[in-house]
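Trainee: Before I read details off a model, I would like to know how to go about it. Could we take the features one at a time?

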Amino acid sequence: MKRIQHILFLSLMFLLTACGEDRSDEFYALIEDRMWIEEVMREKYLWYDQLPEKKDDDYFTSVESFFKSLLYKGALDGKGDNYSYVEMLDTEEARARAMTLNRTSTYGMEFELLSDPLKKSTRTYARILYVLPDSPADKAGIKRGDWISAIDNQKLNNKNYVQMMTGGNLALSREAIVTAEDGKRTWQVVDTVSVSPSVNMEISPFFIDSIYETNGQRIAYFMYNEFATGPNNNASDFSYDEQMYAIFANFKRQNPDAFILDLRYNPGGYLSCAQTLGSLLAPADKLGETFTKLQFNDKSSPQSMDYPLLPEYADANLNLGKIYILTTRYTASASEAIINGLIPLMGKENVVLIGEKTEGKNVAMTAYQDERFSFILWPVTAFVANGNGEGDYSTGFLPQYELDERSMLEPWYPLGDTQEYYLKNTLSLITEGRLSNEPEAPEEEVQSILSTISTRTLDGCKINYPY
């Protein structure tokens, strides 16, 4: 802070001389939020020693711009720090950016934005990944796999898509890809559906928990979409721990032969939730051992923090020796901490990944807030490692079995349906030792131009309490 104070001193001296009166309080009020940001970053940021020196004019940029200018572009093997962020409070725009499924007000549909997969146009489409039960989208008949092409008769683009997150009545145009007799694929208009205004509703991370009986085996399936602490998802709320315990206690009563953990749409969240989930999945004789550990910068005290497997979950622990985990590019942060944490406990060959390469987020953020300011800082403050101290996965985890539902342009089955692409193949792998249908290379590459889910990775790997 000495350099900042020196700059301010010179600037204030100029003001005092020019104006003939002491207006330093006014001056400090203009830039005190950015001064506070820099102070936090120079103490807590994982790469504090890489922070650039700031010029006088920098302190008069916006809070978000100032914060971004501090981030280390060489972090994570040159990938850069794309994870630290400022959470602006009490603005509609900020809530829309935070996540597609907004706890304050949502239509209840998760989607990703794609360029025309047929490459016949420069059009943008939203494909629905899943819909929350009893949400406005569900009541309107929106289904997983639907292609949305327009909002209120306006073609969808990478700006107006935010209207699909929260707001008033919507008219959503749906199209479908059809295949002609000659094998050519074209777009066909389906209909326009009316969706009622977004509502406040609980967004439970426990999307599916089922048991399947197939080929003489009982297979448990758990789709977990966010490492959330409770309905309000704040650091002091742990109400979802009880629900997770109940789900796994039910699984245990049914004595499954195999377990599938579906993290394909899970961008992360609180590490305490990963600790709970790991305690329910890991071999029972490993309870009490370190599952995940955080490694902070050399200014911090302590410089590390362990998350042990919790013995109090022993009654619902499944004592797994092998696990099948479904992944996509949206599997990130705390989801990857689960993968990384289980590998030394089960053996890499027994943590079977099916799907796409994961995001590669091996760092965690901590929240810092000052009641004077209407924002929360979430800087990267730690590396995430497993009990063996291993955490070098910034390029993501590669699956042993590759699947890509994005290449499946035909209608999708509902999540949890045994014919659904990921689940069908995984059940076949477990019971027959092979995928039911090896994925074919798509005729045209389906390129994501913007994923509203990927913005949720910014929330990933949150530390529940300051260190």
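Mentor: Start with confidence, since this is a predicted model. Over residues 92-99 the pLDDT stays under 50, and the model gives this stretch 17 contacts beyond four places in sequence. Residues 439-445 also have a pLDDT below 50, with nine contacts beyond near neighbours in sequence.

Trainee: How should coordinates be read where pLDDT is low?

Mentor: Where pLDDT is low, the predicted coordinates should not be read in detail. For the chain, the mean pLDDT is 88, and 85% of the residues reach 70 or more.

Trainee: Next, helix packing. At what angle do the axes of H7 and H8 cross?

Mentor: Ask for the angle, the handedness and the residues that meet. Helix H7 (residues 271-281) and helix H8 (residues 334-346) have axes that come within 10 Å and cross at roughly 35 degrees. The crossing of H7 past H8 is right-handed. From H7, the residues Leu-271, Ala-274, Leu-277, Gly-278 and Leu-281 take part; they meet Ala-334, Ala-337, Ile-338, Leu-342 and Met-346 of H8. By type, the residues of this contact are nine nonpolar, one polar and no charged.

Trainee: How many residues of H7 are buried?

Mentor: Burial is counted residue by residue. In H7, 11 of its 11 residues are buried. Among them are Ser-272, Gln-275 and Thr-276.

Trainee: Now strands. Which strands of the open sheet stand at the edges?

Mentor: Read the strand order, then look at the ends. The open sheet has four strands in the order E12-E11-E18-E15, with antiparallel pairing. Strand E12 (304-308) and strand E15 (363-365) are at the edges; each has a single partner strand, so one side of each lacks a neighbour in the sheet. From one strand to the next, the twist averages 30 degrees. E15 is joined to strand E18 (residues 380-386) by three bridges, and the two run antiparallel. Met-365 lies opposite Val-380 in E18.

Trainee: And E2: is it enclosed or open?

Mentor: Check both faces of the strand. Seven of the seven residues of E2 (residues 109-115) are buried, so the strand is largely enclosed by the rest of the structure. One side carries Met-109, Phe-111, Leu-113 and Ser-115, the other Glu-110, Glu-112 and Leu-114, and all of these are buried. E2 is joined to strand E3 (residues 124-131) by seven bridges in an antiparallel arrangement, with Leu-113 opposite Ala-126.

Trainee: Is Ser-194 buried or exposed?

Mentor: Here a cut-off is needed: exposed means over 50% relative accessible area. Ser-194 has a relative accessibility of 61%, so it counts as exposed. The residue sits in strand E7 (residues 185-195) and touches Ala-140 and Leu-170, leaving out residues up to four places away in sequence. Its C-alpha atom is 9.1 Å from that of Gly-141, which is 53 residues away along the chain.

Trainee: Last, the backbone. Which peptide bond is cis?

Mentor: Look at omega for that, and at phi for positive values. The bond from Ser-301 to Pro-302 is cis, with omega near 0 degrees. Pro-302 lies in the loop between strand E11 (290-296) and E12.

Trainee: Which residues have a positive phi without being glycine?

Mentor: Asp-152 is one of them, with a phi of about 50 degrees. It lies in the loop between strand E4 (147-151) and strand E5 (154-155), and its relative accessibility of 35% makes it partly exposed. Asn-233 also has a positive phi, near 50 degrees. Asn-233 belongs to the loop between strand E9 (217-224) and helix H6 (239-253), and is buried at 12% relative accessible area.

Notes. Residues are numbered from 1 along each chain as its sequence is written. This is a predicted model: local features need pLDDT of at least 70, side-chain atom pairs count only at pLDDT 80 or more; totals for chains, interfaces and linings use all residues. Side-chain values use heavy atoms; hydrogens and water are left out. Axes are lines fitted to C-alpha atoms, for helices over the stretch in contact, and angles run from 0 to 180 degrees between N-to-C directions. A crossing is left-handed if the near helix is turned anticlockwise from the far one by less than a right angle, and right-handed if clockwise. Contact means heavy atoms within 4.5 Å. Ala, Val, Leu, Ile, Met, Phe, Trp, Tyr, Cys and Pro count as nonpolar, Asp, Glu, Lys and Arg as charged, and the others, Gly among them, as polar. pLDDT is the predictor's confidence in each residue, from 0 to 100. Two strands pair if DSSP finds at least two bridges between them. Buried means under 20% relative accessible area, exposed over 50%, partly exposed in between (1.4 Å probe, protein chains only).
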